[in-house]
Amino acid sequence: SKGTLLAYCEARKTAGDWADIDILMRRSTDGGQTWAKPQVIHNAKEETVNNVVAFNDAQTGQVHLFYCENYARCYYTQSNDDGQTFSPRVEITPVFEEFRKEYDWNVIATGPGHGIQLQNGRLLVPVWLSTGGKKHRPSCVSTIFSDDHGKTWHRGEIIVNQGEQIAGETILNPSETVAVQLFNDKVLVNIRTESKPHRRLIAVSENGATGWSEKHFDPQLLEPVCMGSILRVPAGKSQPQNAIVFANPDNLEGSSKRRGPNRDRKNLTLQVSFNDCQTWSGKRVLEPGISGYSDLAALPDGTIVCFYEDGGLKNNGY
């Protein structure tokens with residue numbers, strides 16, 4: 001609420017999703033020009049801590065933060081001082097247990113990226129689940145939400161599942177999902193999949209939890225099979241129109257190093273929509289080389305910031 005930037009990530013000591021991973025955060029109070037030293041949000045010794053998600057509550061000033069352990073348990077904590085300190089964590093895995101009868105998962109994950117707060121105060125976090133263990137496939141996506149500023153959490157409907165047919169295409173392994181509230185107040189989710197169209201999958205809901213419809217592949221947003229980021233930027237002094245911005249590796253070129261349907265993660269690009277994600281324009285390349293996951297935020301003056309990965313261990317995207 002004070003304009004502090006929080007940059008958080010999985011700190012992977014070795015390569016791999018199931019490695020020894022901690023959650024780290026760095027804070028900036030000058031718009032990203034300088035950063036404080038890393039602070040450890042959680043260290044589970046040699047266990048995997050994964051998929052950190054955080055966002056601000058405009059009504060209370062709290063920072064809500066989530067992460068999972070070993071893709072099996074989910075925890076929630078909150079900060080009242082812009083991320084300097086956090087409350088004792090609370091396990092919220094029971095909200096995922098509500099999916100069991102419909103989807104008997106053995107892997108769960110929040111985000112990654114950021115959650116959102118709707119105009120009515122609802123807190124919303126995209127999640128994905130899998131029955132495939134360490135392969136993370138097959139999978140489905142949904143949301144969890146809170147209407148009491150994080151005191152209690154509930155599951156939403158499954159948005160899309162492995163094998164579902166949309167416009168004649170079979171959905172393959174929907175997973176990392178980002179959400180945005182449109183300026184018509186509906187909630188749009190932008191979904192990573194491994195489906196043949198190699199385009200981002202879209203679904204829309206009135207409330208971010210139920211009644212998902214308007215499912216389609218966005219023909220303008222390429223999908224190399226990688227997490228992306230999306231952000232609502234209301235009109236202000238710095239720009240006269242309501243805007244939604246989206247960032248991901250805008251690339252479908254492939255190499256033998258990428259397995260299956262994956263394309264090379266490079267050419268991280270920002271695009272903007274002035275009509276609630278119906279069309280996109282103004283492509284701006286942020287990183288032409290190897291680049292992958294990203295997250296977007298906006299400062300109080302409307303400045304857009306992007307936090308992203310590039311290079312990899314050997315400058316090959318891994």
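**Figure 1. Ile 202 and its partner across the strands.** In this close-up of the predicted model, Ile 202 stands opposite His 216 in strand S19. The two strands in view, S18 and S19, run antiparallel and are joined by four bridges. Zoom out a little and they turn out to belong to an open sheet of four strands, ordered S16-S17-S18-S19, with antiparallel pairing. Its edge strands are S16, spanning residues 177-181, and S19, each of which pairs on one side only. On average, neighbouring strands here are turned by 25° against each other, direction ignored.

**Figure 2. The second largest pocket.** Stay with Ile 202 and His 216 for a moment, since both belong to the lining of the second largest pocket. The space inside comes to about 170 Å³. Which elements give two or more residues to this lining? They are strand S18 (199-205) and strand S19 (213-222). The largest share, three residues, comes from S19. Other lining residues to look for include Leu 182, Asn 184, Lys 186 and Leu 188, as well as Asp 276, Cys 277 and Gln 278. Sorted by class, the lining has five nonpolar, three polar and four charged residues.

**Figure 3. The five-stranded sheet.** Here is another open sheet, this time with five strands in the order S20-S21-S22-S23-S24 and antiparallel pairing. Strand S20 (229-233) and strand S24 (304-310) are the edge strands, and each pairs on one side only. Neighbouring strands of this sheet are turned by 20° against each other on average, direction ignored. For background, strands of a sheet pair through backbone hydrogen bonds, either parallel or antiparallel.

**Figure 4. Two pairings within that sheet.** Start with S20, which five bridges join to strand S21 (residues 243-249); these two strands run antiparallel. A handy landmark is Leu 231, which stands opposite Val 245 in S21. Now move along to strand S22 (residues 266-273), which is joined by five bridges to strand S23 (residues 281-298), again in antiparallel fashion. There, Val 272 stands opposite Ser 281 in S23.

**Figure 5. The hairpin of S23 and S24.** How many residues lie between S23 and S24 in their hairpin? The count is five, and one residue of the turn, Gly 302, has a positive phi of about 95°. Six bridges join the two strands, which run antiparallel. To find your way around, look for Ala 298, whose bridge partner is Ile 304 in S24.

**Figure 6. His 136 in its loop.** This view takes you to the loop between strand S10 (123-130) and strand S11 (139-146), where His 136 is found. Is His 136 buried or exposed? Its relative accessibility is 10%, so His 136 counts as buried, the cut-off being under 20%. The side chain of His 136 also makes a polar contact of 3.3 Å with the side chain of Trp 18.

**Figure 7. Ser 79 and Asp 81.** Our last stop is Ser 79, which has its place in strand S6 (residues 73-79). With a relative accessible area of 1%, Ser 79 is buried. Its side chain is joined to that of Asp 81 by a polar contact of 2.8 Å.

Note on methods
Residues numbered from 1 in each chain as written. Predicted model: local features only at pLDDT ≥ 70, side-chain atom pairs only at ≥ 80, totals over all residues. Heavy atoms only, no water. Pairing = 2+ DSSP bridges. Axes fitted to C-alpha atoms, helices over the stretch in contact; angles between N-to-C directions. 1 Å grid on protein atoms, 1.4 Å probe; cavity = no way out; pocket = protein on both sides within 12 Å on 5 of 7 lines; lining within 4 Å. Points joined across faces, edges and corners; volume = space filled by probe spheres on them. Nonpolar A, V, L, I, M, F, W, Y, C, P; charged D, E, K, R; others polar. Buried < 20%, exposed > 50% of the residue type's maximum accessible area, 1.4 Å probe, protein only. Polar contact = N/O pair within 3.5 Å; in protein donor to acceptor, adjacent residues only side chain to side chain.
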